[in-house]
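Here are my notes from going through this one, point by point. Keep the structure open next to you while you read.

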Amino acid sequence: MLFDAATEQVASKDELRAGTDVPAWYIDQIASTNTFYTSLNHNGQYVASKHVVGHRATHDGFWRPEVDDGVAVFHRKEDTKSTLKHLVFRRPSGLTPSEANDLLDRRCYRALRNLADQQEIHAVEHRNTTVYVHSWPSLRDAQLSQRETDQPTDVSPVDTDEEGYLYRDELLATFLSVAVSEIQSIPPERAAALVLRQFEGDSFDALERRLRRNHSFREALDYEPEDVPDGTSLWRAFDDLHPDELRDCLQSMCGDLLADHDHAGEFVVIDGTHIAAWANTREEIDDGEVEGASWGKHEGKFYGYKVYIVVDVAAELPVAITMETGSRNDCAAFEPLIEEFDERYDTDDLQAALADAGFDSQGNREFTQEKLNCPLLTAINPRRSAPLKAIRDEIKELFKNHGDEIDSPYDALERLPQEQLSEYGVEVGSVEETYIFQAIKERMHRHLRAGVERVFSRLKSFTGLDRVRARKENNVETHVVLSAVALVATSLTAKRQGKPGLIRSPSRLI
């Protein structure tokens, strides 16, 4: 054995040959066996055992030990081609050559191009760079959509390093100051404890233990050790808490936060996502035994519920939230959501509501104009008619070629081929005629829709939106609204603590 993995984690091929008569070709041969991996960088001059790489690799499959020449890069997929294909398929936003160079610590331009030429991955031009994405069109579109939300839209992110952190006891005090006047169904301090649970993902018994052990939490809730409710009492509080009272808290906190934004209330985005039902067995799902849940389609087939939110673009806050069964159509869920938003907020300054193609209907536009007194700008759903598909393709090509030159819808109209509407297959005066102008306005405002995906990401990553541990429909709705309340409570805490850079940073809550 030339290399003892128990004592040496990584070695160069020159070190393996030192003091022996073993030829270089033989070292290359044994390094290519299943027992060993060669490094992806440094021309493959470093060797490590498969066992060591498998046990020391991070969640993304990489292991990067320090060597004489800097850092050697190993991956569980072993060779460059397999590693790059794995990254392209698994990364939510695909892979650019520069990102690949950073990950593998070597030039990857040619390797990625060869994979694309062999049709093993797909290459697409996106924002003046080549992005390599999944070969399946549905997954490819999802990756490009995710890449859109990876970047800020209108303003650069605030540097949070100087802002420090937010503390959970501060958040409890912030929410409690609002809940005292809004929560009637249960004691407000128990509602605050339930907000804390959204961040921790605790069982109710674990929440009880957390409150008993943490004196700062008890102080924020004004509990003596003997006053801390047991797990059963906390569950009963969760069961008794009314979702509309939580919406009252959400409205109060959002109103406080929006008051300080110059452009708050000018644009909102409507969107939906899905969450899975909590079921113990496959039979329960097949028999539809979970109350309020049903089979639906959203980024694939799922069994559970759909959550719809209205997000204020300037503040990136979920200002309204509703829940429907999984089979609910987006258009059918639109009106209850808009009514919820309209009842709770002043919409006098609203310039437009934005939504994706799932909400594209004339009825939704008319309802929005009637309720909110503003247009609804949706992406065109090409499945509705061939003329709409022709218009969408024309507008898409227009913005691809002249997007940087378009400052108003009229700039776009001047650059469109001056063809008769009849060539689009529509008649003058028909509903479709207005889609040309609407489609241009929607394309000009599309970047504003990116914020809603970041809000969903925060709700799922930090406040447990998709970690439902309740089976009654009313309790699931309570969980959903609690997620939005917890996120907004974090933002309000940042404002009240004089840390505006943390308003959109729940990751800084400790």
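**Notes on surface patches and salt bridges**

1. Start at the surface, where Glu-335, Glu-339, Glu-343, Glu-366 and Glu-370 gather in a patch of negative charge. Bear in mind throughout that this is a predicted model.

2. Where does the negative patch come from? Helix 15 (330-344) and helix 16 (362-372) each supply at least two of its residues. Helix 15 gives the largest share, with 3 residues. One of the patch members, Glu-343, is found in helix 15, and Glu-343 counts as exposed because its relative accessibility is 67%, where the cut-off for exposed is over 50%.

3. There is also a nonpolar patch on the surface, formed by Tyr-165, Tyr-167 and Ile-510. Together these three residues have about 280 Å² of accessible area. Look for Ile-510 in the segment after helix 21 (473-496). With a relative accessible area of 43%, Ile-510 is partly exposed, so it falls between the cut-offs of 20% for buried and 50% for exposed.

4. Now for a polar contact away from the patches. Ser-49 sits in strand 3 (residues 46-49) and is buried, its relative accessible area being 6%. A polar atom of the Ser-49 side chain lies 3.1 Å from the backbone nitrogen of Val-52, so the pair fits the 3.5 Å limit for a polar contact.

5. On to the salt bridges: searching the whole structure turns up 23 of them. Take Arg-496 and Asp-256, whose side chains meet in a salt bridge at 3.5 Å, N to O. Arg-496 belongs to helix 21 and Asp-256 to helix 13 (residues 243-258), so this pair ties together parts that are 240 residues apart in sequence. How accessible are the two partners? Arg-496 counts as partly exposed at 42% relative accessibility, and Asp-256 is partly exposed too, with a relative accessible area of 27%.

6. Next, have a look at Arg-458, which forms a salt bridge with Glu-316; their closest N and O atoms are 3.0 Å apart. Arg-458 lies in helix 20 (residues 450-462), while Glu-316 is in the loop between strand 12 (301-312) and strand 13 (317-325), so the pair ties together parts 142 residues apart in sequence. Are these partners buried or exposed? Arg-458 counts as buried at 12% relative accessibility, and Glu-316 is buried with a relative accessible area of 5%. Both values put them in that class because buried means under 20%.

7. Another pair worth a click is Glu-442 and Arg-449, with side chains that meet in a salt bridge at 2.7 Å, N to O. Glu-442 counts as buried, at 4% relative accessibility. Arg-449 is buried as well, with a relative accessible area of 18%.

8. Last, which residues are joined into one network by salt bridges that share partners? They are Asp-244, Arg-247, Asp-248, Glu-340, Arg-344 and Glu-477. If you show a single group of side chains for this point, show those.

Notes. Residues numbered from 1 in each chain as written. Predicted model: local features only at pLDDT ≥ 70, side-chain atom pairs only at ≥ 80, totals over all residues. Heavy atoms only, no water. Patch = residues over 30% accessible without salt bridge, like charges linked within 9 Å, V, L, I, M, F, W, Y side chains within 5 Å. Areas by Shrake-Rupley, 256 points an atom, 1.4 Å probe, with all protein chains shown as cover. Salt bridge = Lys/Arg side-chain N within 4 Å of Asp/Glu carboxyl O. Lys, Arg positive; Asp, Glu negative; His and termini not counted. Charge placed at Lys NZ, Arg CZ, Asp CG, Glu CD. Helix = DSSP H or I, 4+ residues; strand = E, 2+ residues; numbered from the N terminus. Buried < 20%, exposed > 50% of the residue type's maximum accessible area, 1.4 Å probe, protein only. Polar contact = N/O pair within 3.5 Å; in protein donor to acceptor, adjacent residues only side chain to side chain.
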